[in-house]
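Fresh page in the notebook. I opened a structure I had not looked at before and jotted down what I looked up, one topic at a time.

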Amino acid sequence: MASLKVFGVNGTGEGEFRYPNGIAVSNKGEIAVIDTCNHRVQLFESDGVFLRSFGTQGVTDGCMNFPYCGTFDSDGNIIVTDSDNHRVQVFSSAGELIRVIASENLRNPWGVCMAGDGNIAVCSGGEKGEVQVYSPEGTLLKQFSDPKTNNRPSYVTYSHEKYFVSYSDDQCVKVFDGQGSFLSDIGESGFCDGQFNRPRGLAVDQHDQLLVCDGWNNRIQVFSLEGKFLTKFGSRGKEPGQCIFPIDLSITPDGQILVCEVKGERVQVFQGKNISIEQT
């Protein structure tokens, strides 16, 4: 699949990235890239034109120390996992700090998503990794994991009252119900269709298709919500449509797919498709 647009290069200037690990898009189409090793968030128009950035390295509130992932809430605020500071920070779209969320067991948070009723789901590390769900005010509501693994969760998305969670070390996506009870695995280790080599970011599109960043296989895989493999796109390389370790993705309001490459240090835009209709 050819990409519609590519933006971003290695660097520290405006519109430049150093190992970005996260991408999110607001209801208005504004794009936030979590620029991890520049310790900041950069915002872009829907066409990839740079708007503004905020953040600097540090440990005080409002600063960041290797921010990892982000999501927008319904008010357009940006929720950022501040990984090496072991906390989540909520900013306005202008970069003003609104709230800091932290708890005793929140360690090196990675993926984050909105999880219904304004709640926030976070992938936490620590001795036993788990998904933690917080209220909009930052109260810990529940925490859960698959009892069969001690590996940490990587990224999370919430759809149809289910949590879809990538476990990079387990080479799969795990599905949990709305209460956090384990339901099933999607995928296994490998290089064939439906198999993974370090899965990370994931999202559900408008056609109820689950898209997963298949990191070291340098591709995006598309599944039904029941876990059936549908299609894939991407291959290793630097040309448009190719990628080097896609680590996160997000779906725009008009159905385009934004893919963030941590090793390629850029963002590519693809046109989404309803694969189920194409295969009938």
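Which residue lies over the face of Phe182? I found Lys148 there, at 3.7 Å from the ring centre. One thing to keep in mind for every entry: I am working with a predicted model.

**Entry: charges over rings**

Lys148 over Phe182 got me looking for another charge over a ring. Lys174 turned up, with its charged end over the ring of Tyr167, 5.6 Å from the centre.

**Entry: rings with rings**

I searched the whole structure for aromatic pairs and got 14. One of them is Phe144 with Tyr163, a tilted pair at 5.0 Å centre to centre, with 55 degrees between the planes. I then checked where the two rings sit: Phe144 is in strand β15 (residues 140-144) and Tyr163 is in strand β17 (residues 162-167), so the pair ties together parts 19 residues apart in sequence. Buried or exposed, I wondered, are Phe144 and Tyr163? Both are buried.

The next pair I wrote down is Phe196 with Phe223, tilted as well, at 5.7 Å centre to centre and 50 degrees between the planes. This one links distant parts of the chain: Phe196 belongs to strand β21 (residues 195-196) and Phe223 to strand β24 (residues 219-224), 27 residues apart. Phe196 is buried at a relative accessible area of 0%, and Phe223 is buried at 1%.

I also noted a cluster linked by ring pairs, made up of Phe144, Tyr158, Tyr163, Phe176 and Phe182. So Phe182, the ring under Lys148, turns up again here.

**Entry: what the record says**

I looked up the UniProt annotation, an unreviewed entry. It places the feature "repeat: NHL" at residues 4-47, 71-94, 95-137, 183-226 and 230-273. I checked two of these spans in the model. Residues 4-47 are 0% helix and 48% strand, and the end C-alpha atoms are 10 Å apart. Residues 183-226 come out at 0% helix and 59% strand, with end C-alpha atoms 11 Å apart.

**Entry: one four-stranded sheet**

In what order do the four strands of the open sheet run? I read β8-β9-β10-β11, with antiparallel pairing. The edges are β8 (67-72) and β11 (97-101), each of which pairs on one side only. From one strand to the next the twist averages 20 degrees. I zoomed in on β10 (residues 87-91), which is joined to β11 by four bridges. Val90 has Arg99 in β11 as its bridge partner.

**Entry: β13, β14 and β15**

I followed the chain through three strands here. β13 covers residues 120-124, and Ile120 lies in it. Ile120 counts as buried, at 3% relative accessibility. Leaving aside neighbours within four places in sequence, its contacts include Ile79, Ile101, Val112 and Tyr134. The C-alpha atoms of Ile120 and Val131 are separated by 10 Å, and the two are eleven residues apart along the chain.

β13 and β14 run antiparallel and are joined by five bridges. Cys123 has Val131 in β14 as its bridge partner. The two strands form a hairpin with five residues between them, and Gly126 in the turn has a positive phi of about 90 degrees.

Why did I mark β14 (residues 130-134) as largely enclosed by the rest of the structure? Because five of its five residues are buried. Glu130, Gln132 and Tyr134 point one way, Val131 and Val133 the other way.

From β14 the chain goes on to β15, again antiparallel, with four bridges between the two. Val133 has Lys142 in β15 as its bridge partner. This hairpin also has five residues between the strands, and Gly138 takes a positive phi near 100 degrees.

**Entry: β22 and β23**

Strand β22 (residues 199-204) has six of its six residues buried, so it is largely enclosed by the rest of the structure. Four bridges join β22 to β23 (residues 209-214), and the two run antiparallel. Ala203 stands opposite Leu211. Four residues lie between the strands of this hairpin, where Asp208 takes a positive phi near 55 degrees.

**Last entry: Val41**

Val41 is in strand β6 (residues 40-44) and is buried, at a relative accessible area of 0%. Residues up to four places away aside, its contacts include Ala32, Ile34, Phe54, Met64 and Val80. I also checked Gly70, 29 residues from Val41 along the chain: their C-alpha atoms are separated by 8.9 Å.

Key. Residues are numbered from 1 along each chain as its sequence is written. This is a predicted model: local features need pLDDT of at least 70, side-chain atom pairs count only at pLDDT 80 or more; totals for chains, interfaces and linings use all residues. Side-chain values use heavy atoms; hydrogens and water are left out. UniProt positions are given in the numbering used here, feature names are shortened, and annotations may be inferred rather than shown by experiment. Two strands pair if DSSP finds at least two bridges between them. Axes are lines fitted to C-alpha atoms, for helices over the stretch in contact, and angles run from 0 to 180 degrees between N-to-C directions. Buried means under 20% relative accessible area, exposed over 50%, partly exposed in between (1.4 Å probe, protein chains only). Contact means heavy atoms within 4.5 Å. Rings of Phe, Tyr and Trp (its six-membered ring) pair if their centres lie within 6.5 Å; planes under 30 degrees apart count as stacked, over 60 as edge-to-face and the rest as tilted. A charge sits over a ring if NZ of Lys or CZ of Arg is within 6 Å of the ring centre and within 35 degrees of the ring normal.
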